[in-house]
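Colleague: Could you take me closely through one part of this model, the surroundings of the ligand, and then set that part in the context of the rest of the chain?

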Amino acid sequence: MTMSETVWQSLALPALLLSPEDVITAANGPAEGFLNRSAKALVGKALPELVEIDGDLGAATGRVRRNDAPLTLHETSVRIGPAPDLRCDVHISPLGGGVLILFSPQDIAGRVDRGRSSRSAARSAIGMAEMLAHEIKNPLAGITGAAQLLSMNLSGEDRELTELIVAESRRIVKLLEQVEQFGNLRPPQRKAVNLHDVLDRARRSAMVGFAAHMTIEEAYDPSLPHTWADTDQLQQVFLNLLKNAAQVGAQGGKITIRTFYELSLRVRRPDGSGGAVPLQVEIIDDGPGVPEEMINNLFEPFVSGRENGTGLGLALVSKIIHEHNGWISVDSIPGRTVFRISLPLAPREDSNKKPLQDTELRT
Ligand SMILES: Nc1ncnc2c1ncn2[C@@H]1O[C@H](COP(=O)(O)OP(=O)(O)OP(=O)(O)O)[C@@H](O)[C@H]1O
Ligand SMILES: [Mg+2]
């Protein structure tokens, strides 16, 4: 066997060689399995007869030949006969007038397995939702695009219908993005955090954006010790709470951010974990209050009282706070809604280096 034959035989990915006319001139072992035909049956066939992809395969091979440069089609759907679509990266390289094509499948089973090696079973179940969200977004983009094309030749009522398709598809995309965000939640990277720093950042971003129509007042306890938290995730929590308050708030309405210390509060979970949660943050608004029928399952996913709400905001907040061994509660009457977050203290050495030095001096 020559060197190139050895390389060809040892390739683990399905590989095909094509003539300048895109006719198959060679297929390796994995390609036989991939295309479900023997090499003998494959040679001499035009590739587009056997394989369909998302884009135009002929145009891609043509471009590779013309530019004499390789090309990769990332995460392309590949259709082989009646089998369901496969997601593949398709690598196309110029090779002596013809081209070499490698298919690198990214199928769901492969992805789940990879996920499992680094995550617990529970997290891979979340990974499944995230993956599904990702998979739905692609065909949805196709639907939106097709509706937009259709609408160009329509008028009046018919156009309203295609606009409805586009608007509703956008809503699904937004929902899916939130599901993805939910699934992407990493275990918190905790460190000693000054809550007021995080609150200030959330407040500033709210004021220039979704809460520009309101005033936000601070009622901070300046002596509040550090908490033990993931800054980015906490920021997300406060932003979601501020956003909800701003969404129900009238022009000129008021949001108050209050912090204080309350030593007596403790969290006790069924598994025995938990402890003191003395650091309190309250986001208070003067809006209409949480609808009574929702108050008992407010933190469940998909519970929403807003027309365009996905109902994932508070579910995410609750998940983050629980992973921080904290507590969230709500108290609402018309004119005054209070969301309270209770968090644990940072371990002493981390929140403040000075007391350590003091003890060292004393001994
Ligand atoms: N401060 C508040 N005052 C009155 N009602 C509220 C307040 N915060 C939340 N709600 C109610 O709780 C519902 C659920 O809130 P959540 O943040 O979970 O979802 P959402 O805001 O509807 O959608 P999303 O946050 O996913 O975009 C809201 O739709 C709203 O009806
Ligand atoms: Mg919300």
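**The ligand shell and the sheet beside it**

Modeller: Two helices, α10 (231–248) and α11 (313–323), each contribute at least two residues to the shell around ligand 1, and since the model is a predicted one, what follows should be read as a description of that prediction. Of the contributors, α10 gives the most to this shell, supplying 4 residues. In total, 23 residues surround ligand 1, and the closest are Ser 304, Gly 305, Gly 309, Gly 313 and Leu 314. Sorted by class, the shell around ligand 1 consists of 12 polar, 9 nonpolar and 2 charged residues.

The helix α10 also leads from the ligand to a sheet, which is worth describing before returning to the helix. This sheet is open and has 5 strands, arranged in the order β8-β10-β11-β13-β12 with mixed pairing. Its edges are formed by β8 (215–219) and β12 (327–333), and because each of these has a single partner strand, one side of each is left without a neighbour in the sheet. On average, and with direction ignored, neighbouring strands of this sheet are turned by 15 degrees against each other.

At the β8 edge, the partner is β10 (residues 254–261), to which β8 is joined by 5 bridges, the two strands running parallel. Within this pairing, Thr 215 stands opposite Lys 254 in β10. Returning to the helix, α10 packs on the sheet and touches β10, β11 (279–285) and β13 (336–343), while its direction makes about 20 degrees with that of β11. The helix that gives the most to the shell around ligand 1 is therefore also one that packs on this sheet,. 

As for the wider chain, the protein has 13 helices and 13 strands, and of its 363 residues 23% count as buried. Among contacts between residues at least 6 apart in sequence, 59% join residues at least 24 apart. A residue from another part of the chain, Ser 10, lies in helix α1 (residues 3–10). Ser 10 is exposed because 9 other C-beta atoms lie within 10 Å, where 12 or fewer is the cut-off for that class. The C-alpha atoms of Ser 10 and Gly 29, which are 19 residues apart along the chain, are separated by 9.1 Å.

Methods: Residues are numbered from 1 along each chain as its sequence is written. Chains are lettered from A and ligands numbered from 1 in the order in which they are written. This is a predicted model: local features need pLDDT of at least 70, side-chain atom pairs count only at pLDDT 80 or more; totals for chains, interfaces and linings use all residues. A residue is near a molecule or strand if its C-beta atom, placed from the backbone, lies within 6 Å of it. Ala, Val, Leu, Ile, Met, Phe, Trp, Tyr, Cys and Pro count as nonpolar, Asp, Glu, Lys and Arg as charged, and the others, Gly among them, as polar. A residue is buried if 20 or more other C-beta atoms lie within 10 Å of its own, exposed if 12 or fewer, and partly exposed in between; C-beta atoms are placed from the backbone. Two strands pair if DSSP finds at least two bridges between them. Axes are lines fitted to C-alpha atoms, for helices over the stretch in contact, and angles run from 0 to 180 degrees between N-to-C directions. Two residues are in contact if their C-beta atoms, placed from the backbone, lie within 7 Å.
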